[in-house]
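Me: I am new to this structure and would like to go through it slowly, one question at a time. Could you take me through the reasoning behind each reply?

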Amino acid sequence: MTIQRGDRIPSVPIKLVGTGDTVDTTSDAVLGTGRVVFFAVPGAFTPTCDTSHLPGFVANIAKFRALGVDKIVCGAVNDHHVTKAWAERSEALGKVEFISDAHGNLAEALGLVKQFGDLGKRFARFAMIIENGVVRDLFVQDVAGVTVSGAPAILMALQTSQVSA
Ligand code: BEZ
């Protein structure tokens, strides 16, 4: 079952990739405090994720902060070495933190797993707004490209919805 508005983020072991050493932690430890935008991609370095989805959040970090977002986290079903390499190459570290969900356990727990041909089971493309560990809004990208789950749409949601600062 897919996680819904009002549900609490589950606790699943993940690796957190950031500016320092990669650490073993849990999804609720990373996502459970403050106002968090969590978006997930089918794959590090895959074309749309690499040229559109992640860059939109990196480029708009100041706008998210101005709207009271404490952190932006990107999830990917990739091992932490690949995830770190992508984060570094994208100049995202220090702006976006990354969850390496190598075996897709968090994707499964959220009910946001999708089969992508030869790539296998990955995160469905989505973005959610989380406040103190509770999902306040969820935008699943059901059509190709990046629209409802992209940074401009999430900024709009933060500006117009009850979760605005
Ligand atoms: C992408 O363009 O990001 C993508 C392509 C194929 C599978 C998954 C993602």
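Me: Is leucine 119 buried, partly exposed or exposed?
Reply: This is a predicted model, and every value given here is computed from it. Leucine 119 sits in the loop that runs between β6 (113-115) and β7 (121-123). Its relative accessible area is 43%, and because a residue counts as buried under 20% and as exposed over 50%, leucine 119 is partly exposed.

Me: How far apart are the C-alpha atoms of leucine 119 and proline 42?
Reply: Leucine 119 and proline 42 both belong to the residues around the ligand. Along the chain they are 77 residues apart, while in space their C-alpha atoms are separated by 8.6 Å.

Me: Which residues are around the ligand, and how many of them are nonpolar, polar and charged?
Reply: The residues around the ligand are Pro42, Thr46, Pro47, Thr48, Cys49, Phe116, Leu119 and Arg125. Sorted by class, this shell has one charged residue, two polar ones and, as the nonpolar part, five.

Me: What distances separate oxygen atoms of the ligand from polar atoms of threonine 46, cysteine 49 and arginine 125?
Reply: For threonine 46, a polar atom of the side chain lies 2.8 Å from an oxygen atom of the ligand. For cysteine 49 the polar atom belongs to the backbone, and an oxygen atom of the ligand is 3.2 Å from it. For arginine 125 the partner is an N or O atom in the side chain, and its distance from an oxygen atom of the ligand is 3.3 Å.

Me: How much of the ligand's accessible area does the protein cover?
Reply: On its own, the ligand has 260 Å² of accessible area. Of this area, the part that the protein covers is 74%.

Me: How many disulfides does the structure hold, and why do cysteine 49 and cysteine 74 not form one?
Reply: A disulfide is a covalent bond between the sulfur atoms of two cysteines. The cysteine sulfur closest to that of cysteine 49 is in cysteine 74, and because the two are 7.9 Å apart, they are too far for a bond. Cysteine 49 is buried at 0% relative accessibility, and cysteine 74 is likewise buried, with a relative accessible area of 0%. The number of disulfides in the structure is zero.

Me: Which residue in β4 is the bridge partner of phenylalanine 39?
Reply: Phenylalanine 39 is one of the residues of β3, a strand that pairs with β4 (residues 71-76) in the parallel sense over six bridges. Within β4, the bridge partner of phenylalanine 39 is cysteine 74.

Me: Why is β3 described as largely enclosed, and how many of its residues are buried?
Reply: Arg35, Val37, Phe39 and Val41 point one way from β3, whereas Val36, Phe38 and Ala40 point the other way, and all of them are buried. The strand, residues 35-41, is therefore largely enclosed by the rest of the structure, the count of buried residues being seven of the seven.

Me: Which residue of β8 stands opposite arginine 35?
Reply: β3 and β8 run antiparallel and are joined by six bridges. Arginine 35 is one of the residues of β3, and the residue standing opposite arginine 35 in β8 is glutamate 131.

Me: What phi values do glutamate 91 and asparagine 132 have, and where do these residues lie?
Reply: Most residues other than glycine have a negative phi. Glutamate 91 is in the loop between α4 (80-89) and β5 (96-100), and at 62% relative accessibility it counts as exposed. Asparagine 132 is in the loop between β8 (126-131) and β9 (134-140), and at 49% relative accessibility it counts as partly exposed. Neither is a glycine, yet the phi of glutamate 91 is positive at about 50°, and that of asparagine 132 is positive at about 45°.

Me: Which side chain does that of aspartate 137 meet in a polar contact of 2.8 Å?
Reply: Aspartate 137 lies in strand β9, and at 8% relative accessibility it counts as buried. The polar contact of 2.8 Å joins its side chain to that of arginine 5.

Note on methods:
Residues numbered from 1 in each chain as written. Predicted model: local features only at pLDDT ≥ 70, side-chain atom pairs only at ≥ 80, totals over all residues. Heavy atoms only, no water. Near = heavy atom within 4 Å. Polar contact = N/O pair within 3.5 Å; in protein donor to acceptor, adjacent residues only side chain to side chain. Areas by Shrake-Rupley, 256 points an atom, 1.4 Å probe, with all protein chains shown as cover. Nonpolar A, V, L, I, M, F, W, Y, C, P; charged D, E, K, R; others polar. Helix = DSSP H or I, 4+ residues; strand = E, 2+ residues; numbered from the N terminus. Buried < 20%, exposed > 50% of the residue type's maximum accessible area, 1.4 Å probe, protein only. Disulfide = S-S within 2.5 Å. Pairing = 2+ DSSP bridges.
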